Amino acid sequence: MPKIRPFKKKPGQKNAGKEMTLSGHLREMRNRILVCVILLTASMLISLNFAPQLVTLLLDIGKAYSYRFVYISPQELLLQYFSVSLTMGICVTLPMLFYQVWAFVKPGLKKGENLLFLFAMIFGLICFCIGICFAYWIMLPFMLSFLISLSNGSGVEASISVQNYISFLITIFMIFGLVFELPIVSVLLSQMGLLKVKWMKAGRKAVIVVIFFVAAVITPPDVVSQVMVAIPMIVLYEFSIVLCSMCEKLKRKKKK
């Protein structure tokens, strides 16, 4: 049987000191994926029991701004229950998924790499949650208020499809969750040697222009919303530079 990278088991484990074969790695990967699939299925089924309350909570956000909601096909509301349940299931499964990935690659990592990977997973989850909270508490009120104001004086009443509305909310949550991952991605790329602090500093002006362009694309066409999206992204970029600079200084000290 062919052998791949020599992941050795730690003392105290079964067959300690022996290299794991390809079939052994595949079995371990299968078992770890199976754990994540089981957790995803279980959490989705549990979330399905609370799906009507979750959908109602999301709809109440829009109702506070005088939105009226309709569903235009018999199964539309039911499908949104499944959509929300799947989203909740993924959120519950993500920490376990990250843990399983870390546990799988841990034997092949050096101590410093292991700590960096663990830091990236934990801090990445925290940043993702912060991004969702930012979208919920700050961005959505401005976006929904602006969009509903477009119908004022037009004689058109806003009756929004439940499917389109919930898809819009989930998309906004995912966008801001991923945007807040910028510091983690920057640190990982910096540690891998694919990104340099001097490049980030030299390209600061160009990046700011790109950030405002992205903010204009993902927000309604009003200056307030665009600025409220762009400013956190710029702050995150500057924070990324600080983190990468600290990591480079630590790396230089270790080499001395």
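These are my notebook entries on a predicted model, taken in the order in which I looked things up.

**Entry 1: the nonpolar cores**

I began with the interior and found that the largest nonpolar core holds 35 residues, of which L58, Y165, I166, F176 and F180 touch the most other members. I then asked which helices supply at least two residues of this core, and I noted α2 (51-63), α4 (111-149), α5 (162-179), α8 (204-218) and α9 (223-255). Leaving aside residues up to four places away in sequence, I listed the contacts of Y165 as L58, L59, I61, G62, F69, L144 and I160. I also recorded a second, separate core of 9 residues, which includes V187, I241, L243 and C247.

**Entry 2: aromatic pairs**

Turning to the rings, I noted 8 aromatic pairs in the count. One of them is formed by F134 and F180, a tilted pair with 5.6 Å from centre to centre and 45 degrees between the planes. Because F134 lies in helix α4 and F180 in the loop between α5 and α6 (182-191), this pair ties together parts that are 46 residues apart in sequence. I checked whether the two residues are buried or exposed: F134 is buried at a relative accessible area of 15%, and F180 is buried as well, at 10%.

I next looked at Y136 and F173, whose ring centres are 6.5 Å apart and whose planes stand at 35 degrees, so that this pair, too, is tilted. Y136 belongs to helix α4 and F173 to helix α5, and the pair links distant parts of the chain, 37 residues apart. Here I found that Y136 counts as partly exposed at 30% relative accessibility, whereas F173 counts as buried at 12%. I also wrote down that ring pairs link Y67, F69 and Y165 into a cluster, and that F69 is among the residues that Y165 touches.

**Entry 3: salt bridges**

How many salt bridges does the count come to? I noted 2 salt bridges. In one, R32 pairs with E28, and their closest N and O atoms are 3.0 Å apart. Both residues lie in helix α1 (residues 22-49), 4 residues apart, which is about one turn of the helix. R32 counts as partly exposed at 21% relative accessibility, while E28 is buried with a relative accessible area of 18%; the cut-off for buried is under 20%, so the two residues are classed on either side of it.

The side chains of R204 and E238 also meet in a salt bridge, at 2.7 Å from N to O. Since R204 lies in helix α8 and E238 in helix α9, this pair ties together parts that are 34 residues apart in sequence. Both ends count as partly exposed, R204 at 27% relative accessibility and E238 at 28%.

**Entry 4: the surface**

On the surface I found a nonpolar patch formed by W137, I138, F142 and V224, which together have about 410 Å² of accessible area. The largest share of the patch, 3 residues, comes from α4. I looked up I138 in particular: this residue is found in helix α4, and at 31% relative accessibility I138 counts as partly exposed.

**Entry 5: an unusual backbone angle**

Last, I noted that S66 has a positive phi of about 70 degrees although it is not a glycine. S66 is placed in the loop between α2 and β3 (68-70), and I recorded this residue as exposed, because its relative accessibility is 59% and the cut-off for exposed is over 50%.

How values were computed. Residues numbered from 1 in each chain as written. Predicted model: local features only at pLDDT ≥ 70, side-chain atom pairs only at ≥ 80, totals over all residues. Heavy atoms only, no water. Core = buried A, V, L, I, M, F, W, Y, C linked by side-chain atoms within 4.5 Å. Buried < 20%, exposed > 50% of the residue type's maximum accessible area, 1.4 Å probe, protein only. Contact = heavy atoms within 4.5 Å. Patch = residues over 30% accessible without salt bridge, like charges linked within 9 Å, V, L, I, M, F, W, Y side chains within 5 Å. Areas by Shrake-Rupley, 256 points an atom, 1.4 Å probe, with all protein chains shown as cover. Salt bridge = Lys/Arg side-chain N within 4 Å of Asp/Glu carboxyl O. Phe/Tyr/Trp six-rings, centres within 6.5 Å; stacked < 30°, edge-to-face > 60°.
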